[in-house]
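Please open the structure in a viewer and keep the selection panel at hand. The tour below proceeds from model confidence to a pocket and then to a single loop residue.

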Amino acid sequence: MKRIGLIIMFLLFAQTAFAAQNTGVYFGFSGGFVIPQTMTMSEPYFGDTDTKLENGGFVGTKVGWLNPFTRRIMALEMEYNYIFGNDFDKGEAVNSAVSGPGASLDGSIDIHALMFNIKARYPDGPVHPYVGVGLGFSYFDVGNIRIRDEAGAKIGDDIPGGSGSAFSYQFMAGIDFDIAPNMSLGIGYKYFAAKPEIEEHYWDDYNYELDYRTSIISLGLTFIF
């Protein structure tokens with residue numbers, strides 16, 4: 001009987017919590033696919049090289065507030081994303097003075113992005129379409145870049161790996177579906193871009209610039225308090 005009483009008390013508490021008006025503060029996490037565009041690598045001695053990157057993934061978390069002064073139409077949000085797997089596609093040939101005709105580049109890129117977003121969303125009902133824009137900073141960690149010939153053999157010295165940060169921006173759109181009074185499941189699209197200058201780890205005064213742009217398909221879960 002004691003156990004049944006505890007269960008009944010829990011159900012009553014849960015019903016009361018769900019019925020209560022929440023504050024609009026929310027927390028969520030997400031993951032998905034990252035599909036980069038052709039990236040231009042600007043190297044100081046050999047100029048620009050258009051490079052292909054492999055598709056990758058991301059995991060992220062966010063915290064935000066549904067502004068009651070706008071009837072929860074506007075949401076203010078801080079978001080962190082870790083993008084991985086966007087390695088140089090060594091199966092795609094590039095043509096520049098740094099690689100030679102028919103050669104390819106082989107290396108890794110990891111990205112940490114902290115973004116501040118403003119969203120406009122439809123507040124009523126169980127389905128909430130939204131659009132938004134975000135500004136922030138990203139940290140790029142680039143491994144040594146190997147140059148390979150058409151047969152896959154290494155050519156010359158590696159382009160040294162390095163790291164760098166940059167101003168970043170993104171545009172977003174998506175739909176959130178309420179699956180409980182304080183929980184929603186969302187699917188979204190983002191266009192994310194940054195242009196970091198990579199400071200290499202080994203040689204003095206040798207930096208290069210990346211023009212990184214990508215599409216991100218996300219699936220996420222959000223809890224509203």
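The pLDDT is the predictor's confidence in each residue, on a scale from 0 to 100. This is a predicted model, and colouring by pLDDT is a suitable start: the protein averages 87, and 85% of the residues score at least 70. Next, select residues 9–20, where the pLDDT is below 50. Beyond near neighbours in sequence, this stretch has two contacts in the model.

Turn now to the largest pocket, which holds about 330 Å³ of space. Select L66, R121, H128, D178 and I224, which are the closest to the pocket centre of the 22 residues that line it.

Which strands should be displayed around this pocket, each supplying at least two residues of the lining? They are β4 (56–66), β5 (74–84), β7 (109–121), β8 (127–142), β10 (162–180), β11 (183–194) and β13 (207–224). Highlight β10 in particular, since the most lining residues of the largest pocket, three, come from this strand. Colouring the lining by residue class then shows nine nonpolar, six polar and seven charged residues.

For the last stop, go to the loop between β4 and β5 and select N67. Is N67 buried or exposed? N67 is classed as buried because its relative accessible area is 8%, and buried means under 20%. To view its surroundings, display R72, I73 and M74, which N67 touches when residues up to four places away in sequence are not counted.

Key. Residues numbered from 1 in each chain as written. Predicted model: local features only at pLDDT ≥ 70, side-chain atom pairs only at ≥ 80, totals over all residues. Heavy atoms only, no water. 1 Å grid on protein atoms, 1.4 Å probe; cavity = no way out; pocket = protein on both sides within 12 Å on 5 of 7 lines; lining within 4 Å. Points joined across faces, edges and corners; volume = space filled by probe spheres on them. Helix = DSSP H or I, 4+ residues; strand = E, 2+ residues; numbered from the N terminus. Nonpolar A, V, L, I, M, F, W, Y, C, P; charged D, E, K, R; others polar. Buried < 20%, exposed > 50% of the residue type's maximum accessible area, 1.4 Å probe, protein only. Contact = heavy atoms within 4.5 Å.
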